[in-house]
Number of protein chains: 2
Amino acid sequence: MLTKRLFSSSSASPNLFKIGSILKQTRTFTDADVLGYSELTHDANPLHFDAECAKDAGFNDRLVPGMLVASLFPRIIAAHFPGAIYVSQTLHFKLPVYIGEEIIAEVQATSIRRMKNKYIAKLSTKCIKCNGPLVIDGEATAMLPSLVIEPPNLASASS
Amino acid sequence: MLTKRLFSSSSASPNLFKIGSILKQTRTFTDADVLGYSELTHDANPLHFDAECAKDAGFNDRLVPGMLVASLFPRIIAAHFPGAIYVSQTLHFKLPVYIGEEIIAEVQATSIRRMKNKYIAKLSTKCIKCNGPLVIDGEATAMLPSLVIEPPNLASASS
């Protein structure tokens, strides 16, 4: 397997994905999103639908499903690298996400290797609340068809 | 933190979750599911919508999003333990899942500890195709309100 490590370079094009590059996406999940997730996945956990159940479990209110929040990571990757192949993801759900809270998802390149005509990127993936605390922490690996960061309609990029 | 390790016991009730217990759910993802996932998550990766793009990337056809397949794990946990809190998940996407393929998701208890009035369960989580190959491998941790396996309408259990 031919691999080549690519290093960060300050002379690289600003729209080229390199070690340290960060891609971000902000989203506020609604009641309709949680209902849509439940209909799609058939996940009927009462923590997402019954405020009393959520309070009995020690939360302030109903929770947004963790996997719905975590879906921001492959969305960001695909938005900037159409055709990217998602290889792995670790997820640590640190704090609850409530309906109506603004969440910022970040994907940061920690290593990039070339393999034939693709790139294997290791990524630090996190979601934070807009007032600071970390809600999801983890790492992903994705196979990117190119290192050129596409400017999608639905996401914003900074590197 | 008060913790107590619970061991598997052959004398335990068959509907009590113990080390080695397996919960399963079978599902075949449709075109409508993939479209619903994209609408919900705003993930527009062409691998899920453009067969030519998927073939160019080395696949046989359009892929079901990995996170949609992986949503079977929290669904199984919540179906049998309403009110369960999802703590962590690792996911290794080993093989593509195509639209129309039957997928069997399995969650198996590898360790269970009591913490106050809840239970911390470590779980082996995998998805396989009905003809055998492993498509997603990983581990999850969930906080269960009880070890009694609920008999849901939408899932099947074996222990």
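**Reading pockets, symmetry and a helix**

Me: How much space lies in the largest pocket?

Reply: Rolling a probe the size of a water molecule over the atoms shows where empty space is left. Here the largest pocket holds about 540 Å³ of space. A pocket is an open set of points on a 1 Å grid over the protein atoms alone, where a 1.4 Å probe fits, with protein on both sides within 12 Å along at least five of seven lines. The volume is the space filled by probe spheres set on the points, which are joined across faces, edges and corners. This is a predicted model, in which local features need pLDDT of at least 70, side-chain atom pairs count only at pLDDT 80 or more, and totals for chains, interfaces and linings use all residues. Residues are numbered from 1 along each chain as its sequence is written, chains are lettered from A and ligands numbered from 1 in the order in which they are written, and side-chain values use heavy atoms, without hydrogens and water.

Me: Which residues that line the largest pocket are closest to its centre?

Reply: Of 33 lining residues (an atom within 4 Å of a point), these are Phe59(A), Phe93(A), Ile85(B), Tyr86(B) and Val87(B). The lining has 26 nonpolar, four polar and three charged residues. Nonpolar covers Ala, Val, Leu, Ile, Met, Phe, Trp, Tyr, Cys and Pro; charged covers Asp, Glu, Lys and Arg; the others, Gly among them, are polar.

Me: How are chains A and B related?

Reply: Two copies of a chain are related by a rotation about an axis and a shift along it. Chain A is laid on chain B by a turn of 180° and a shift of 0.0 Å along the axis, with an RMSD of 0.0 Å. That is the relation of a two-fold axis. The superposition is by least squares on C-alpha atoms of residues with pLDDT of at least 70 in both copies. In chain A, the C-alpha of Thr90(A) comes closest to the rotation axis, at 2.1 Å.

Me: Which residues of helix 1 of chain B are buried?

Reply: In helix 1 (residues 31-41; a DSSP run of H or I, at least four residues, numbered from the N terminus), they are Asp33(B), Val34(B), Tyr37(B), Ser38(B), Leu40(B) and Thr41(B). They lie on the same side of the helix because they cover an arc of only 165° around the axis, taken from the directions from the helix axis to the C-beta atoms. The face turned away carries the exposed Ala32(B) and Glu39(B). Buried means under 20% relative accessible area and exposed over 50% (1.4 Å probe, protein chains only).

Conventions:
Helix = DSSP H or I, 4+ residues; strand = E, 2+ residues; numbered from the N terminus.
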